[in-house]
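Work through these exercises with the sequence and the 3D view open. Try each task before you read its solution.

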Amino acid sequence: MHIMEGYLSPQWCIVWWIIALPCILFGIYRLKQITNADREALPLLGVTGGFIFFLSSLKLPTPFGSSSHPTGTGLSAICFGPWITSIVCAIVLLFQALFLAHGGLSTLGANTVSMGIIGPFVGYTIYRLLKNTSISIYTTVFIVTAFADVSTYIVTSFQLALGAVQPATGDIVSSFIWYLGIFAFAQIPIAIVEGIVLALVFKYIVQLKPDILIRLHIFSEETINTAKRDADGS
Amino acid sequence: MQMARKYNLEILVVAAIIVFGILFLYTSLIMKNAEFAGTDDIAAAKISGSPNASLQTIKPLIPQWVPPSTEIESILFGLQAAIGGMIIGGAFGYWIGQKKKV
């Protein structure tokens with residue numbers, strides 16, 4: 001989903017930066033609030049952020065003869081919400097722009113909006129909808145992760161259709177459909193695998209540190225205890 | 001049965017990786033010319049009108065350092081994965097240490 005340097009018109013680069021910056025600043029404020037209230041949230045932030053670093057570095061082949069990256073943002077969206085996730089994504093995207101030329105600096109705002117804000121926001125909304133239902137938390141993590149991933153690429157398609165320096169096809173709608181064909185459909189199998197892997201990671205967090213998930217009100221004590229019994233096979 | 005239930009997510013991950021691998025091999029077989037190029041590069045090539053996005057037919061707004069070879073790019077991607085892996089390992093190690101103390 002990296003929009004390369006120079007591929008978005010300057011006006012659209014500014015628009016996406018204006019949207020991204022307040023979200024990142026609010027994320028810093030929320031992060032300070034959470035870590036001041038509970039220092040034990042830091043290792044969880046490390047795990048969720050570490051997976052964004054790790055998974056977004058992997059280039060996986062797709063059944064369409066192309067390759068793409070997972071985003072790894074679903075777990076962070078569940079545990080810390082989209083605002084804090086936007087900080088981690090901005091750091092990852094800055095690393096990739098500076099050292100890998102994957103994504104640009106002028107397009108960093110647009111890439112942060114797709115991967116760090118809207119993708120996780122979609123995931124977070126699904127998590128809130130499923131949180132108090134009878135659906136298993138591992139299924140919830142799977143669904144949230146997969147949707148956060150695919151929606152990131154849908155947003156990228158939209159951003160390119162709106163503001164690419166040269167349109168892919170005649171008009172915005174047909175350009176959007178063209179980009180969607182390249183990005184979003186190829187992403188579906190990767191999103192499914194990412195969802196299963198992060199559900200497994202969440203299982204290990206439930207087994208090792210269930211109390212932090214309860215203290216941060218990510219899931220209720222009863223739900224976590226049920227998930228822990230499932231994970232332990234008891 | 002209880003054992004299988006305990007490890008059902010692990011089994012699912014292994015199954016997903018196997019299916020993913022088979023899909024990749026099948027695609028390689030039926031699409032003889034498949035280069036598995038990055039979707040970013042495919043989109044960039046379409047925008048720039050050039051089949052090779054690395055030709056940089058579009059002028060960058062902010063000058064950017066580009067890895068001089070694909071090997072160096074791979075090393076830097078590996079570094080990124082290693083940073084993530086170290087943080088994850090550190091946090092899980094901390095939790096395991098805490099659990100052992102109790």
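**Exercise 1. Describe chain B: its burial, its elements and its confidence.**

Solution.
- Step 1: Start with burial. Chain B has 102 residues, and 17% of them are buried. A residue counts as buried here if 20 or more other C-beta atoms lie within 10 Å of its own.
- Step 2: List the elements. Chain B holds four helices and one strand. Along the sequence, the pattern reads α-α-β-α-α.
- Step 3: Check the confidence. This is a predicted model. The mean pLDDT of chain B is 84, and 87% of the residues score at least 70. Among its elements, H4(B) has the highest mean pLDDT, 94, and H1(B) the lowest, 70. For the model, ipTM is 0.90 and pTM is 0.92.

**Exercise 2. Describe the side of chain B that touches chain A.**

Solution.
- Step 1: Count the residues in contact. On chain B there are 52, and they meet 54 residues of chain A.
- Step 2: Find the elements involved. Those of chain B that give two or more residues to this side are helix H1 (2–6), helix H2 (8–30), strand E1 (37–38), helix H3 (39–48) and helix H4 (70–101).
- Step 3: Pick the main contributor. H4(B) gives the most, with 17 residues.
- Step 4: Sort by class. This side of chain B has 34 nonpolar, 10 polar and eight charged residues.

**Exercise 3. Work out the order and pairing of the sheet that involves both chains.**

Solution.
- Step 1: Recall how sheets form. Strands pair through backbone hydrogen bonds, either parallel or antiparallel.
- Step 2: Take the pair within chain A. E1(A) and E2(A) run antiparallel and are joined by two bridges. Here Leu60(A) stands opposite Ser68(A) in E2(A).
- Step 3: Cross to chain B. Strand E2 (residues 66–68) of chain A pairs with E1(B) in the parallel sense, over two bridges. Ser67(A) has Gly38(B) in E1(B) as its bridge partner.
- Step 4: Put the strands in order. The result is an open sheet of three strands, E1(A)-E2(A)-E1(B), with mixed pairing.
- Step 5: Name the edges. Strand E1 (60–61) of chain A and E1 of chain B each have a single partner strand, so one side of each is left without a neighbour in the sheet.

**Exercise 4. Compare the span of H5(A) with its expected value, then judge its surroundings.**

Solution.
- Step 1: Count the residues. Helix H5 (residues 137–163) of chain A has 27.
- Step 2: Compare the spans. From first C-alpha to last, H5(A) reaches 38 Å, close to the 39 Å expected at 1.5 Å a residue.
- Step 3: Check burial. In H5(A), 23 of the 27 residues are buried, so this helix is largely enclosed by the rest of the structure.

**Exercise 5. Are Ala101(A) and His217(A) buried or exposed, and what is the sign of phi in each?**

Solution.
- Step 1: Recall the usual sign. Most residues other than glycine have a negative phi.
- Step 2: Take Ala101(A). Its phi is positive, about 55 degrees, although it is not a glycine. Ala101(A) lies in the loop between helix H3 (74–99) and helix H4 (108–130) of chain A. It is buried, because 20 other C-beta atoms lie within 10 Å.
- Step 3: Take His217(A). Its phi is also positive, near 55 degrees, in a residue other than glycine. His217(A) sits in the loop between helix H8 (210–215) and helix H9 (221–232) of chain A. It is exposed, because 9 other C-beta atoms lie within 10 Å.

Conventions. Residues numbered from 1 in each chain as written. Chains lettered and ligands numbered in written order. Predicted model: local features only at pLDDT ≥ 70, side-chain atom pairs only at ≥ 80, totals over all residues. Contact = placed C-beta atoms within 7 Å. Nonpolar A, V, L, I, M, F, W, Y, C, P; charged D, E, K, R; others polar. Pairing = 2+ DSSP bridges. pLDDT = per-residue confidence, 0-100. Buried ≥ 20, exposed ≤ 12 C-beta atoms within 10 Å, placed from the backbone. Expected span 1.5 Å × (residues − 1).
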